[in-house]
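Welcome, and please open your viewer. We will walk through one chain together, one selection at a time.

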Amino acid sequence: MFDRFVFEDPQFFWLLLLLPLVLAWYVWKRNRQTAELRISSIRGFEAKSGFIGKLRPILFVLRLLVLALVITALARPRTVDVSSRTSSNFGIDIVMAIDVSASMLARDLDPNRLEATKQVAADFVRNRPGDRIGLVVYAGESFTQTPITSDKSIVLSSLEAIEYNKVLENGTAIGMGLATAVNRLKDSEAESKVIILLTDGMNNAGFIDPKIASELAAEFGIKTYTVGVGSNGTALSPINILPNGNFQYGRVPVEIDEVLMKEIADMTGGKYFRATDNESLEAIYEEIDSLEKTEIEEFRYYNYQEKFRPLILLAGLLLLIEVLLRFTIFRSFV
């Protein structure tokens with residue numbers, strides 16, 4: 001409640017510093033107005049002091065309260081309700097093409113390449129409120145996991161559902177993954193169209209050459225950022241499927257066709273990145289996020305409710321009470 005309470009003219013609160021001065025003046029004046037009579041004995045004047053007389057300072061207290069309320073009212077207290085609406089004038093359509101081949105289960109990233117990619121990609125999606133995002137997955141073939149949409153909850157749910165799928169033909173069809181992503185974006189009317197192509201291997205499957213897919217992307221004005229995932233040297237990767245259906249892991253050389261990935265990025269005006277661990281993968285997505293900025297306009301609407309009127313009414317009521325008391329109950333003490 002109080003976080004919405006503001007004062008339009010808080011400089012009037014400096015007037016509150018006058019109240020201690022008024023109090024000091026009242027005490028000094030009261031002492032000066034008290035008459036003294038010195039006599040040898042007051043036996044003949046013995047009488048109990050009146051209770052009402054002791055309450056007379058309440059009039060001054062009421063006057064101070066009136067002044068404090070008036071000063072607070074001058075500061076114009078009010079509450080404000082703020083509502084906002086964002087509008088994206090230059091939205092970006094983004095398709096993330098993610099390799100889901102068996103090698104993405106390698107454990108050189110924590111817990112493995114695929115899960116680490118999903119976690120970082122989810123953060124990337126959350127940081128793009130003004131853009132439309134789609135998902136393409138590929139192994140030996142490719143398909144659209146989610147068409148481009150502005151509904152981030154759908155994208156995040158689809159991203160979470162991505163897993164190694166034995167239904168897909170094994171292999172790494174980089175060209176098909178890129179071509180499918182291009183197909184999702186070619187008819188987009190967005191100011192900027194971007195593909196983030198992630199893989200951990202070499203193009204060894206599919207019937208579309210990656211360079212042809214790159215030419216298509218360039219023709220449609222689609223910028224492609226390529227990301228190679230995998231540590232240097234060897235990685236603990238699936239090498240066989242055991243009778244119980246689980247993978248058998250072994251040390252396998254990490255082979256990423258970095259030359260091809262750089263060519264794809266260069267042909268489309270993008271950039272190639274290499275992620276050897278979780279931290280570098282996060283840094284890559286953060287850099288892509290900074291490179292592809294969406295201009296977002298935020299409109300804020302303020303609803304003010306003035307609160308000084310109750311203070312003025314209360315001050316008037318206290319002043320009326322003070323006047324009535326002064327000319328009724330305390331009139332004999334004037």
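The stops below go from the whole chain to its sheet, cores and helices.

**Before you click.** This is a predicted model, in which local features need pLDDT of at least 70, side-chain atom pairs count only at pLDDT 80 or more, and totals for chains, interfaces and linings use all residues. Residues are numbered from 1 along each chain as its sequence is written, and side-chain values use heavy atoms, with hydrogens and water left out.

**The whole chain.** Show it as a cartoon: you should find ten helices and eleven strands. Helices (H or I, at least four residues) and strands (E, at least two) are DSSP runs, numbered from the N terminus. Of the 334 residues, 40% are buried, meaning under 20% relative accessible area with a 1.4 Å probe, protein chains only. Contacts are heavy atoms within 4.5 Å; among those between residues at least 6 apart in sequence, 81% join residues at least 24 apart.

**The sheet.** Next, select β5, β4, β3, β6, β7 and β10, which in that order form an open sheet with mixed pairing. Two strands pair if DSSP finds at least two bridges between them. At the edges are β5 (142-149) and β10, each pairing on one side only. From one strand to the next, the twist averages 15°, an angle between N-to-C directions (0 to 180 degrees) of axes fitted to C-alpha atoms, for helices over the stretch in contact. Zoom in on β7 and β10: they run parallel and are joined by four bridges, and V227 stands opposite F273 in β10.

**A helix across it.** Add α8 (residues 258-268), which lies across β6, β7 and β10 and runs at about 160° to β7.

**The cores.** Which residues touch the most other members of the largest nonpolar core? Select M96, I196, V227, L281 and Y285, out of its 33 residues. Such a core is a set of buried Ala, Val, Leu, Ile, Met, Phe, Trp, Tyr and Cys residues joined through side-chain atoms within 4.5 Å. Helix α4 gives the largest share, seven residues. Now center on I196: its contacts beyond four places in sequence include F124, Y225 and I288. A second, separate core has 25 residues, among them A97, A106, L178 and M261.

**Last stop, α3.** Select residues 58-74. The end C-alpha atoms of this helix are 24 Å apart, which agrees with the 24 Å expected for 17 residues at 1.5 Å a residue, because the expected span is 1.5 Å times one less than the number of residues. Its buried residues include F60, L64 and I71. Following α3 is R76, with a positive phi near 55°.

Key
Buried means under 20% relative accessible area, exposed over 50%, partly exposed in between (1.4 Å probe, protein chains only).
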